[in-house]
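User: I would like to go through this model by question and answer, with the criteria stated alongside the results.

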Amino acid sequence: MEITNEQQYINGVNHAYILAQHQPTLLKQLLESKTQNDYFIGLQDGQRMYEQNRSKSRLQQLNKIKGNKAKDKDQER
């Protein structure tokens, strides 16, 4: 679907990101709606963006932990 009102879309993305951080159950309830306007599309995309960023952050933390463990093993030998 094409975005016609860019400001509504941006507001939807920003609001979804905040809701995903602080009120994820409320966001899920909102996204169950069948509405397809620019704001709602922004909500969907904002939730996806939050989930992707959260996954990246967790992966970076795991890699950092793995790196620290590898350094510790090298020091023991």
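Analyst: Buried means under 20% relative accessible area, exposed over 50%, and partly exposed in between, with a 1.4 Å probe and protein chains only. This is a predicted model in which local features need pLDDT (the predictor's confidence in each residue, from 0 to 100) of at least 70 and side-chain atom pairs count only at pLDDT 80 or more, while totals for chains, interfaces and linings use all residues. Residues are numbered from 1 along each chain as its sequence is written, and side-chain values use heavy atoms, with hydrogens and water left out.

User: Is Y50 buried or exposed?

Analyst: The relative accessibility of Y50 is 14%. Because the limit for the lowest class is under 20%, Y50 counts as buried.

User: Which geometry does the pair of Y17 and Y50 have?

Analyst: Rings of Phe, Tyr and Trp (its six-membered ring) pair if their centres lie within 6.5 Å, and planes under 30 degrees apart count as stacked, over 60 as edge-to-face and the rest as tilted. A search of the whole structure finds one aromatic pair. The ring centres of Y17 and Y50 are 5.2 Å apart and their planes stand at 85 degrees, so the pair is edge-to-face.

User: How does Y17 count by relative accessibility?

Analyst: Y17 has a relative accessibility of 24%. That value lies between the limits of 20% and 50%, so Y17 counts as partly exposed.
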